Amino acid sequence: MNDPNNNANNDENNEKNHKRGFGFRLLGNPKLRKAVRIIRNNPKLIINAVYSFFICLILFGLRFYRFLVIADFGSGIRKARKSKLEIQKRLYLGGRYIGEQSGNCAYMKLSENSTCRIQGRVKLGPGVRVILEPGASISIGDNTYVTAASIIHCASSISIGSDCAIAWGTTILDTDFHSIVYEDRKHNSISKPIVIEDKVWIGCNCTILKGVTIGSNSVIAANSLVNKDVPPNSLVAGNPAKVIKTNISWLV
Ligand SMILES: CC(C)(COP(=O)(O)OP(=O)(O)OC[C@H]1O[C@@H](n2cnc3c(N)ncnc32)[C@H](O)[C@@H]1OP(=O)(O)O)[C@@H](O)C(=O)NCCC(=O)NCCS
């Protein structure tokens, strides 16, 4: 119910503020007061906003105003001259995830002739490192997030679909770095592409190795090591990971 006395008081206050001038009217604005409250409770917001501004200015020059990268202070993107970073919507670097398990900074390194495509809104959590070696390419789909202290190391190609959840401590590695030489193996390729299709949930502390395709809607149980393809809609677990259940799906 509207209280007529209250309305009268509000009118009186509005009139007073109006007489006091523009500054008082501005401070009386509920949206502005809410913004001030948010900033007061999170003073780092301003630091991060300024930091993100400089990152965008350095990376995108005059197109900085699109704020394609929002970064926590200390996060960084090291980009070689001939590398490409394409961001369709926004890339979030760092932040706080699940009880601040690690520092706030995420880091991305693009070596020469490498390409990183962010095909939507993507979050790389605190402590996450994404490394692209020369000529490598990574693409990450919309609405995918990688939480604390995961590592994505790419020497050839890694494709991660949309709506994927990659939990902390996970390593995605498309290269062995060294070759093993033994007689019965003629073609020991050191690097092979990894494909993670849409809506895959990778539990914490998993390892995904070279040449693997993980089908859409699958779940990789915590602490699994995946070195073979995973069919869509399956739950796999263990080291090496084996299919435990089929025809599953999961909810975000
Ligand atoms: C994948 C997961 C969600 C499955 O949970 P669930 O549906 O309750 O699965 P169940 O406990 O019924 O397990 C089914 C079978 O898989 C086995 N299993 C489950 N997780 C396993 C794991 N990490 N490693 C090895 N085996 C596992 C179980 O022992 C069980 O085997 P059984 O049928 O022979 O007894 C859960 O095991 C898991 O890994 N949770 C961690 C998720 C995570 O990391 N979240 C981080 C935030 S994104």
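Here are three short exercises, with worked solutions, on a predicted model.

**Exercise 1. Trace the open sheet and find its edge strands.**

Step 1: Start with the strand inventory: the protein chain has 22 strands, alongside four helices.
Step 2: Pick out the open sheet, in which six strands follow the order β3-β6-β9-β12-β15-β18 with parallel pairing.
Step 3: Look at the ends of that order. β3 (84-87) and β18 (213-214) each have a single partner strand, so one side of each lacks a neighbour in the sheet.
Step 4: Now zoom in on one pair. Strand β9 (residues 137-141) runs parallel to strand β12 (residues 157-160), and four bridges join them. Across this pair, Ser 139 faces Ser 159 in β12.

**Exercise 2. Describe the largest nonpolar core and the surroundings of Val 226.**

Step 1: Take the overall burial: 30% of the 252 residues in the protein chain count as buried.
Step 2: Turn to the largest nonpolar core, which holds 49 residues, with Ile 138 and Val 226 making the most contacts inside it. The biggest contributor to this core is helix α4 (residues 44-60), with three residues.
Step 3: List what Val 226 touches, leaving aside residues up to four places away in sequence: Cys 206, Ile 208, Leu 209, Val 212, Ile 214, Ile 220, Val 236 and Ala 241.

**Exercise 3. Characterise the shell around the ligand by class.**

Step 1: Find the residues that come nearest: of the 13 around the ligand, these are Ala 167, Gly 203, Ala 221, Ala 222 and Ala 237.
Step 2: Sort the shell by class, which gives nine nonpolar and four polar residues, and no charged ones.

Note on methods. Residues numbered from 1 in each chain as written. Predicted model: local features only at pLDDT ≥ 70, side-chain atom pairs only at ≥ 80, totals over all residues. Nonpolar A, V, L, I, M, F, W, Y, C, P; charged D, E, K, R; others polar. Pairing = 2+ DSSP bridges. Helix = DSSP H or I, 4+ residues; strand = E, 2+ residues; numbered from the N terminus. Core = buried A, V, L, I, M, F, W, Y, C linked by C-beta atoms within 7 Å. Buried ≥ 20, exposed ≤ 12 C-beta atoms within 10 Å, placed from the backbone. Contact = placed C-beta atoms within 7 Å.
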